[in-house]
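Thanks for coming. I will go through one structure this morning, starting at a single residue and working outwards.

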Amino acid sequence: LSMGFDIPIGWWAQFRDPNVAAAVNQNKLVFGDIYVNFKSELVTSKHFGFAIRPFLTIPTGYGREFFGNGGVTGGGTLIGEFKPLDIWAISLNAGVQARSKFNFRDIEKSNQLELGLGTAIQVTKPVSIVFEVASATRLSGPFSEKVESPTEARGAVKWAIGESGFLANLGGTAGIVRGSVAPTYSVFAGFSFSPRRRRYVQKPKKFDFSDYTVYFDTGSYEI
């Protein structure tokens, strides 16, 4: 069992207030909800792994700027990963986020189904490239409304800093289905630390779900 935290910060978020007539774009520093998760391995082998990840979000985000949920949410995600090669991993997940229902104009926010598909390629010993597509939709009517089914593509370069246990991420996202909360584009950077990541210096004998990826939600693949 492992535990992880994610604390998102939007250093430069362009926002236009939809409740103000003739509003202009504003550039703001915003904070997102703190994300706490617990990951537990269910099945592991050299090329395949299956895990469950319960999670909880704490409403520290700026909900008015759509950078937070505006309340406590929770749920769980099932994660399946396949590693056909030592340098290549594929991940698929599906989960549910439980939240209070509210309506904003013609958009309903309630319990959501969350889906993700990702792949990671280890380019060199310390560097890997990750690609992902993630989507969320209303559980009571999956993909029935475009505005309630945001989908985005993400890509990043990840660099393991020696044997310190630190991992740096740099990448960006692009909206595929421009539903609510899906940006036109974004750029992000992040750092994560795991004292157990050092084992990846040696080739693991089995696939390991112990590590938590700070940004990407689909899987736990690390170099």
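Let's start with what S110 touches. Leaving out residues up to four places away in sequence, S110 touches R99, S100, K101 and R138. Keep in mind that this is a predicted model. S110 sits in the loop between strand 9, residues 107-109, and strand 10, residues 112-122. Is S110 buried or exposed? Its relative accessibility is 10%, and the cut-off for buried is under 20%, so S110 counts as buried. A loop position, then, and a buried one.

One name on that contact list leads on to charges. R138, which S110 touches, forms a salt bridge with E148. The closest N and O atoms of R138 and E148 are 2.7 Å apart. Where do the two partners lie? R138 lies in strand 11, while E148 is in the loop between strand 11 and strand 12, so the pair ties together parts that are ten residues apart in sequence. Both ends are buried: R138 has a relative accessibility of 14%, and E148 has 7%.

How many salt bridges does a search of the whole structure find? The search finds three. You have just heard about the one between R138 and E148. Another is formed by E132 and R154, with the closest N and O atoms 2.7 Å apart. That pair links distant parts of the chain: E132 is in strand 11, residues 127-138, and R154 is in strand 12, residues 151-160, with the two positions 22 residues apart in sequence. E132 is buried, with a relative accessible area of 3%. R154 also counts as buried, at 12% relative accessibility.

R154 has a further partner. E152 forms a salt bridge with R154, and here the closest N and O atoms are 2.9 Å apart. Which residues end up in one network? Salt bridges that share partners join E132, E152 and R154. E152 is buried as well, with a relative accessible area of 12%.

Next, a residue with polar contacts. T73 is in strand 6, which covers residues 73-85. T73 has a relative accessible area of 3%, so it is buried. What does its side chain make polar contacts with? One partner is the side chain of T57, at 2.4 Å. The other one I want to show is the side chain of Q97, at 2.9 Å. If you set aside residues up to four places away in sequence, T73 touches L56, T57, Q97, A98 and R99. You have met R99 before: it is also among the residues that S110 touches.

Now go towards the end of the strand numbering. S186 is found in strand 14, residues 185-193. At 23% relative accessibility, S186 is partly exposed. The reason is the cut-off: buried means under 20%, and exposed means over 50%, so 23% falls in between. Its contacts, leaving aside neighbours within four places in sequence, are G171, G172 and T173. With T173 there is a polar contact between the two side chains, at 2.4 Å. S186 and T173 are 13 residues apart in sequence, and 5.2 Å apart in space from C-alpha to C-alpha.

What joins strand 14 to strand 13? Nine bridges do, and the two strands run antiparallel. Strand 13 covers residues 166-177. As one example of a bridge, A174 has Y185 in strand 14 as its partner.

That brings us to the sheet. It is an open sheet of ten strands, in the order 1-4-5-6-7-10-11-12-13-14, and the pairing is antiparallel. Strand 1, residues 2-6, and strand 14 are the edge strands, each pairing on one side only. From one strand to the next, the twist averages 20°.

Last, the chain as a whole. How many helices and strands does it have? There are zero helices and 14 strands. The chain has 223 residues, and 41% of them count as buried. Take the contacts with a separation of 6 or more: residues 24 or more positions apart account for 52% of them. The chain exposes about 12100 Å², and carbon and sulfur atoms supply 64% of that area.

That is where I will stop.

How values were computed: Residues numbered from 1 in each chain as written. Predicted model: local features only at pLDDT ≥ 70, side-chain atom pairs only at ≥ 80, totals over all residues. Heavy atoms only, no water. Helix = DSSP H or I, 4+ residues; strand = E, 2+ residues; numbered from the N terminus. Buried < 20%, exposed > 50% of the residue type's maximum accessible area, 1.4 Å probe, protein only. Polar contact = N/O pair within 3.5 Å; in protein donor to acceptor, adjacent residues only side chain to side chain. Contact = heavy atoms within 4.5 Å. Salt bridge = Lys/Arg side-chain N within 4 Å of Asp/Glu carboxyl O. Areas by Shrake-Rupley, 256 points an atom, 1.4 Å probe, with all protein chains shown as cover. Pairing = 2+ DSSP bridges. Axes fitted to C-alpha atoms, helices over the stretch in contact; angles between N-to-C directions.
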